[in-house]
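Reader: I would like to learn how to read the places where parts of a protein meet. Could you walk me through an example?

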Amino acid sequence: MSARSKFDFIVIGGGLPGLAAACCAARRGAEAALALTGHEAPVEGRVAEPSTSLWRLLELHQYELVFEPPPQHVSLLEEGALATGDDPARVGRSLAARNPELEQLWPAYAKEMARGGDKRRDGLERFLSANALLDDYFDDEALKAHLVAAYVAPFGLSGDEAGSAEALFPLGGRRQRFVSGVALMRALTQAAEAAGVEIVEDRLHSIARGEGKSWRVNFEGGRDIRARTAMASSAFAAEAFGLCVTTSGSPLARRKGVGATIRLKYEKKPQALADWNGAVFHIADDRASLRVARDKMIEGALPEAPPLSFEVNGKDIIARMHFCPSRLVENGEAREWTGQDRQVLGRCVAGVLEKRLAVPVEVSEVLIGPDVEGGLARRDFLTPAIPAPPPSLDPINAAAALAWELTERE
Amino acid sequence: MSETAPLKGAKIEGGIDAVVIGASADAFAAAAMLARGGLHVVLIETGDRPQDKKEFSPGYFAIPGDPVAFSLDQAVIDALDLYRCGLSFAARRLETFVRFGDGAAMTTPGDPDLVVESITAFSEADAGRFSAFFTQERKLAQSLADWFSGGAPPENRPDETCAASLDGALSGRFSDRRLEDYLRAEASLGAAARASEPYTYLALLRRLAGEIAGLQGGVAVVAGGGRGLANALRRAAQTAGVSIRQTDRVKSVIVEWDKVAGVSFDDGGQLRAPIIVSALGARETFIDLVGRGRLDIEFARMLDFAPPNVASIRAHLALNGPIGDALVAENLLRRFLLAPSAHDLECAYLAAHRGELKQGTAELVFSSSFDSALAPHGCHVATMLLHPVPVMSIDDESRRAEIESLAHGALRAIAPTMSAEIIGADIEPPIVASPPTAEAIERRRLITDASGLEGYFFCGPEALIGAGISLSAGRRAAERALRYFRSGGPDG
């Protein structure tokens with residue numbers, strides 16, 4: 001492919017959201033390019049299906065995508081389990097075993113959350129913490145910890161931050177099916193090719209806004225691209241790269257520390273997982289344990305028994321730790337992660353899982369996610385702020401929606 | 001009102017236009033402004049009264065209250081002619097000596113317009129960036145100043161900026177990260193929210209929006225300390241014709257239909273007045289004095305917010321000789337600021353949220369340098385504001401000891417080679433202020449506007465946002481009350 005230097009639209013950051021945004025822009029008539037930052041989230045597990053408009057625009061029916069219902073979120077408690085899913089009435093009935101009141105209360109809560117998402121952002125509600133909102137509804141600490149672990153912790157929040165209630169709103173949102181992330185990646189890559197998106201594999205070097213307000217993107221190796229419009233695929237990836245983003249003032253936008261992914265294997269299928277095929281599991285006893293983990297993350301220390309979320313794929317367990325320090329602090333000195341630290345973390349996660357699942361597990365890989373703090377420290381304020389979709393539990397559609405909006409403005 | 005029948009000599013008084021309840025600076029400011037507006041005002045001095053100078057160690061005196069001011073409301077000073085009532089500054093345009101966590105030091109000028117030179121001396125590479133950033137933020141702060149002091153939010157309020165975290169707004173701005181630490185320390189003093197939380201950028205903007213002696217972003221030392229301002233306000237109230245009564249307790253606020261009609265006391269006495277201004281806490285003002293039953297349900301629910309669990313604490317330390325630390329001794333007429341690293345400050349906040357004490361920021365003034373009567377000749381009184389600390393009682397001996405050692409630590413950090421010994425300490429109760437976040441500002445708007453009771457105005461602690469005394473809450477309450485009075489509110 002010849003090295004073109006002029007595009008209408010450039011998306012910084014790949015992964016599923018970046019591909020979806022670039023495809024969307026290309027299908028709407030823009031000459032689009034996609035630049036990778038190296039801070040893309042790994043593609044695995046399931047993701048929410050693309051919205052209908054994106055589906056039509058990219059003609060996704062040509063690709064073989066298999067749908068699944070949205071996963072149930074299951075908290076493994078010391079005694080038994082607690083599950084929530086997308087059908088409020090059914091969840092209400094299953095929760096009634098814990099407390100009969102919940103049969104009515106849960107659907108009311110889900111409805112209110114759906115309304116919260118649509119509500120105009122004014123009054124004090126937008127500053128409400130998730131914990132305060134949950135305290136208003138429920139008495140059951142295990143249920144509250146479950147909701148924070150499943151919906152709030154993925155943003156690096158432990159529920160007591162101002163504005164974190166916003167993270168609970170998608171709970172009652174429209175029902176979505178889910179698709180395999182790897183299959184969607186394949187489909188979007190083909191769709192990108194079909195739409196004529198150029199994916200630039202070179203390492204991104206710098207971004208500036210030149211004369212005439214066009215964006216100038218430089219790559220290592222000397223390639224230089226100009227584009228009239230630019231966006232970042234996700235606020236998190238952009239900040240990890242050191243870009244300044246203009247997301248709407250979402251309280252979910254900032255986070256300290258990183259997420260860690262730990263892959264493990266088991267030999268014998270644990271009894272505790274038997275009833276829940278394809279669920280996302282959480283281990284968090286109470287909200288205090290989430291807060292402790294958040295505090296430890298900020299202090300740069302490893303928690304002893306970190307709250308975990310995990311999915312099971314065959315004999316693999318993909319565990320996520322939402323509160324992981326980006327750097328470890330020892331005697332007041334910060335240092336980078338070493339192989340040994342990773343081993344310690346892996347063992348510690350395996351310990352938590354073994355205790356709850358009652359089967360031996362073996363660590364195969366420990367990945368520490370991209371570090372926003374490091375990116376922010378590198379950030380150069382002479383470069384203009386770049387638009388990015390707000391943090392969301394459905395990042396693919398959020399990125400596509402932003403690309404749609406930006407191409408409309410042209 | 002049968003339950004308040006005037007028995008046993010208790011009397012019902014009328015002919016009063018407004019009753020102000022409270023003993024805070026805002027209560028006095030509100031009472032004086034109402035009286036200047038031509039109303040017959042009775043101030044019921046109840047609650048925490050400002051305390052007198054006290055000898056906390058033989059020969060060493062502490063004046064309770066804030067020795068420095070950075071955001072006195074100029075409109076109150078003008079309206080009450082406070083300079084004529086005895087308000088004066090022992091020093092204006094106070095320079096700030098910043099000690100960083102790593103021991104380095106920097107001095108910033110008293111006039112923020114001159115900041116470039118001092119930054120050049122500290123970090124040449126950053127001088128341009130810092131002054132550009134500083135100028136831009138001060139401009140933004142100025143446009144928000146009215147909102148901070150209790151006015152309506154500006155129409156073109158930049159939402160993204162307001163919702164930013166302080167860390168997000170500062171990270172990576174300067175090549176020397178200690179400049180971030182300096183701004184973070186300035187913004188964090190007295191703010192109950194961690195710097196990494198969204199909306200905390202407002203704390204910095206509020207700090208820069210403060211105005212003292214006509215200088216935006218400046219700091220001054222009030223002559224006579226916190227007491228000096230209180231005396232000036234009392235004199236202003238007396239001159240304006242406010243009649244001041246001291247009592248331990250107001251029993252309740254009399255409400256007739258949806259209007260207030262006066263206050264009643266434990267002995268059955270009443271003061272009848274169509275306007276009541278309360279400077280007591282929001283819960284006391286609305287729930288204890290009026291009662292949930294008479295309040296709008298939504299409004300009563302809003303009062304149930306959790307109070308901040310982070311506070312500041314002021315300590316006075318007696319130093320038994322010359323400072324010894326050459327750098328500090330040269331700078332005794334300055335304000336000192338301890339600016340720890342971002343990580344240490346964050347950890348101090350987390351500790352405070354958990355109820356523990358850990359070294360965070362500290363603001364220090366050698367008050368004896370401004371008022372030599374406070375310490376024996378050649379000795380010093382250091383007045384220090386420590387932040388963040390948990391909200392706690394200081395009656396507990398072990399807690400006091402912990403705070404003292406924290407204050408000692410901060411003093412040692414500011415003056416590492418100090419030769420004087422600390423021979424005594426006085427600790428004031430914690431100061432709990434709402435964090436200067438959009439949340440608290442919105443809540444203040446709701447509390448002051450939406451009680452649904454006509455003639456009832458509020459200027460209590462929940463109306464104060466962030467650190468430092470400002471008098472704006474008192475002014476706003478008085479202005480609203482006057483408007484209500486003049487529009488014929490009490491009768492129509």
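**Reading the interfaces**

Author: Gladly, and let us begin inside one chain: six residue pairs are in polar contact between domain 2 of chain A and domain 3 of chain A, both partners being at pLDDT 80 or more. That confidence score is there because this is a predicted model.

Reader: Which elements give two or more residues to the side of domain 2 of chain A that touches domain 3 of chain A?

Author: They are α5 (130-137) and α6 (141-152) of chain A. The most comes from α6(A), with eight residues. Sorted by character, the residues on that side of domain 2 of chain A are nine nonpolar, four polar and five charged.

Reader: Where do the domains of chain A begin and end?

Author: Domain 1 is made of three stretches, 6-68 + 178-251 + 374-409, while domain 2 covers 85-172 and domain 3 covers 258-370. For domain 2 and domain 3 of chain A, the C-alpha centres are 24 Å apart.

Reader: How many residues are in contact there?

Author: Domain 2 of chain A brings 18 residues and domain 3 of chain A brings eleven residues. Together these two domains bury about 1,200 Å², with 57% of it on carbon and sulfur atoms. On the domain 2 side, Glu141(A), Ala149(A) and Ser158(A) lose the most area to domain 3, together 34% of what that side buries.

Reader: How many salt bridges does the rule find across that interface?

Author: The rule finds four salt bridges between domain 2 and domain 3 of chain A. As for a pair you can look up in the model, the side chains of Arg287(A) and Glu141(A) form a salt bridge at 3.1 Å, N to O. A salt bridge here needs a side-chain nitrogen of Lys or Arg within 4 Å of a carboxyl oxygen of Asp or Glu, so a distance of 3.1 Å between Arg287(A) and Glu141(A) passes. You have already met Glu141(A) among the residues of domain 2 that lose the most area to domain 3.

Reader: That helps. What does the contact between chain A and chain B take from each chain?

Author: You can read it with the same steps. The contact takes 22 residues from chain A and 28 residues from chain B. About 2,300 Å² is buried between the chains, and carbon and sulfur atoms give 57% of that area.

Reader: How many salt bridges are counted between chain A and chain B?

Author: The count is four salt bridges. One pair to find is Arg354(B) with Glu299(A), whose side chains meet in a salt bridge of 3.3 Å, N to O. There are also four residue pairs in polar contact between the chains, both partners at pLDDT 80 or more. On the chain A side, α9 (287-299) and α11 (372-378) each give two or more residues. Of that side, α9(A) gives the most, with four residues. The chain A side divides into nine nonpolar, five polar and eight charged residues.

Reader: Into which domains is chain B divided?

Author: Chain B has domain 1 (2-50 + 224-306 + 435-486) and domain 2 (113-215). Their C-alpha centres lie 33 Å apart. In contact are 15 residues of domain 1 and 17 residues of domain 2 of chain B. These domains bury about 1,300 Å² between them, 58% of it on carbon and sulfur atoms. In domain 1 of chain B, Pro436(B), Ile441(B) and Arg476(B) lose the most area to domain 2, together 36% of what that side buries.

Reader: How many salt bridges are counted between domain 1 and domain 2 of chain B?

Author: The count is one salt bridge. Asp146(B) and Arg476(B) form a salt bridge, their closest N and O atoms being 2.7 Å apart. Among the elements on the domain 1 side, α16 (438-449) and α17 (472-486) of chain B each supply at least two residues. The largest share, five residues, comes from α16(B).

Reader: To finish, is Ile313(B) buried or exposed?

Author: Ile313(B) counts as buried because its relative accessibility is 0%. Ile313(B) lies in strand β18 (residues 310-319) of chain B. Beyond its neighbours within four places in sequence, Ile313(B) is in contact with residues including Met384(B), Leu386(B), Ile403(B) and Pro430(B).

Definitions and conventions: Residues are numbered from 1 along each chain as its sequence is written. Chains are lettered from A and ligands numbered from 1 in the order in which they are written. This is a predicted model: local features need pLDDT of at least 70, side-chain atom pairs count only at pLDDT 80 or more; totals for chains, interfaces and linings use all residues. Side-chain values use heavy atoms; hydrogens and water are left out. Contact means heavy atoms within 4.5 Å. Buried area is the accessible area (1.4 Å probe) that two parts lose on being put together, summed over both. A polar contact is a pair of N or O atoms within 3.5 Å; within protein, one must be able to donate a hydrogen and the other to accept it, and residues adjacent in sequence count only if both atoms are side-chain atoms. Ala, Val, Leu, Ile, Met, Phe, Trp, Tyr, Cys and Pro count as nonpolar, Asp, Glu, Lys and Arg as charged, and the others, Gly among them, as polar. Domain bounds come from an automatic or database domain assignment. Buried means under 20% relative accessible area, exposed over 50%, partly exposed in between (1.4 Å probe, protein chains only).
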